[in-house]
Amino acid sequence: MSEAISVTRALFDDVMVPNYNPANFIPVKGEGSRVWDQEGREYVDFAGGIAVNCLGHCHPAMVNALTEQGQKLWHLSNVLTNEPAIRLAKKLTDATFAERVYFANSGAEANEAALKLARRWALEVHGEEKQQIIAFQKGFHGRTFFTVTVGGQAAYSDGFGPKPGAVEHVEYNDLASLEAIMSDKTCAVMMEPMQGEGGVIPGDESFLKGVRELCNKHNALLIFDEVQTGFGRTGSLYAYQQCGVTPDILTSAKALGGGFPIGAMLTTAEIAAHLKPGTHGSTYGGNPLACAVSEAVMDVVNTPEVLDGVKRREQMFRDAVQAINEKYDVFTEVRGQGLLLGAALNDKFKGKAREFLLAAAEHGLMVLIAGADVVRFTPSLVIPETDIAEGMQRFEKAVAQVVSSHG
Ligand SMILES: *Cc1c(COP(=O)(O)O)cnc(C)c1O
């Protein structure tokens, strides 16, 4: 028998690559929107694994799907197909503009597929001149070299040598600067309909419509990265369904698997036809376990009860943060839609979002930040109202602590 390993946060630093700096407690169990650490301390979860755990922790529908599929078939590779993958693709195409689905294992991989498809499509339909990919400052699309290059934060993409070319960035919500650099050489515009990592910044409806019109004018594909906004997060299955703009390619991940790794790229049959056999692929993409879990998540999420519930919970979050702010005066506004909300810090607390995150954890609450100036909430879409109330009481204590520490 091997010797039992004493698992501590200190051991993390001894055995892991130092690219992450996780909290100093180690969670061991979750149920709904509550999590417990090694010491048995309980936390309310307003982070949801960064907009992933859309049904909370260990939702029975997901546990059932995973255990059932786990006793049937785990993996085949794409030399063979499988029932859960075909069923999930059917449900996704029935519920959206899309007619074809490509499965991956993460958001970055779904976006990588979208970008490669856009380049293929442009090359085959319009010729080699049509290469330019335009994206937006502060945008986030993942960490592969192509997706991090298309993302709009140099801090993430610099320092790794030569980047994929013909990628340009303009300011988000600024249609004129997009128009100025767009031409018939533009292959695709990639964007989040609401920027998540960049600070929870909703795209104005007129901006989104304007981007669609410019793409039509220049025969460019519009790619919506809905990795964070998708799968019920904003109160509709996908955010595009509420903003009156339909993309040509849409990517989904995070909540798509509810905690099981999966990503998907959705598009039309006409565009999809350019990913012919052999042009792209993934060993795990469309794995039966992932697809069975995702199908179970979709059956719960894509219902009026859950989607309407997101809007009700959004109001509870907004009211609670506003009440706290009336007492402590730390935020300028609460931005976002559905359960992707950002509380923007005022001048006095700018740059200190991480202090709020750490104070919240001390008081038994998990929140996120989006940059240094925004406290972000991305809880389970079915978080019980009592957990919202309890979590907000803890958040108030955290806010009070940060405020008093700056006397
Ligand atoms: C998280 C995120 C990604 C990257 O997803 P991974 O699963 O981490 O690769 C891409 N785009 C957006 C908008 C995201 O929020």
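## Around Asp225

Look past the neighbours within four places in sequence, and Asp225 still has plenty to list: contacts with Asn111, Phe140, His141, Met191, Glu192, Pro193 and Thr251. This is a predicted model, and one of those partners stands out on the polar side. The side chain of Asp225 makes a polar contact with the side chain of Asn111, at 2.9 Å.

As for where Asp225 sits, it belongs to strand β10, which covers residues 221–225. Asp225 counts as buried because its relative accessible area is 4%, and the cut-off for buried is under 20%.

## Around Ala108

Ala108 is part of helix α5, residues 107–126. With a relative accessible area of 15%, Ala108 is buried too.

Leave out residues up to four places away in sequence, and Ala108 touches His141, Gly142, Arg143, Thr144 and Thr147. His141 turns up here and in the contact list of Asp225 as well.

## The annotated binding site

Both residues carry a label from a record: the unreviewed UniProt entry has a "binding site" annotation covering Gly107, Ala108, Phe140, Asp225, Glu226, Val227, Gln228 and Thr283. These positions are spread over 177 residues of sequence, and they are spread in space as well, with up to 24.9 Å between C-alpha atoms. Among them, Thr283 is included in the lining of the largest cavity.

Phe140 links back to the opening section: it is in the annotation and is also a contact of Asp225.

Definitions and conventions. Residues are numbered from 1 along each chain as its sequence is written. This is a predicted model: local features need pLDDT of at least 70, side-chain atom pairs count only at pLDDT 80 or more; totals for chains, interfaces and linings use all residues. Side-chain values use heavy atoms; hydrogens and water are left out. UniProt positions are given in the numbering used here, feature names are shortened, and annotations may be inferred rather than shown by experiment. On a 1 Å grid over the protein atoms alone, a cavity is a set of points where a 1.4 Å probe fits but cannot get out, and a pocket is an open set with protein on both sides within 12 Å along at least five of seven lines; lining residues have an atom within 4 Å of a point. Helices (H or I, at least four residues) and strands (E, at least two) are DSSP runs, numbered from the N terminus. Buried means under 20% relative accessible area, exposed over 50%, partly exposed in between (1.4 Å probe, protein chains only). Contact means heavy atoms within 4.5 Å. A polar contact is a pair of N or O atoms within 3.5 Å; within protein, one must be able to donate a hydrogen and the other to accept it, and residues adjacent in sequence count only if both atoms are side-chain atoms.
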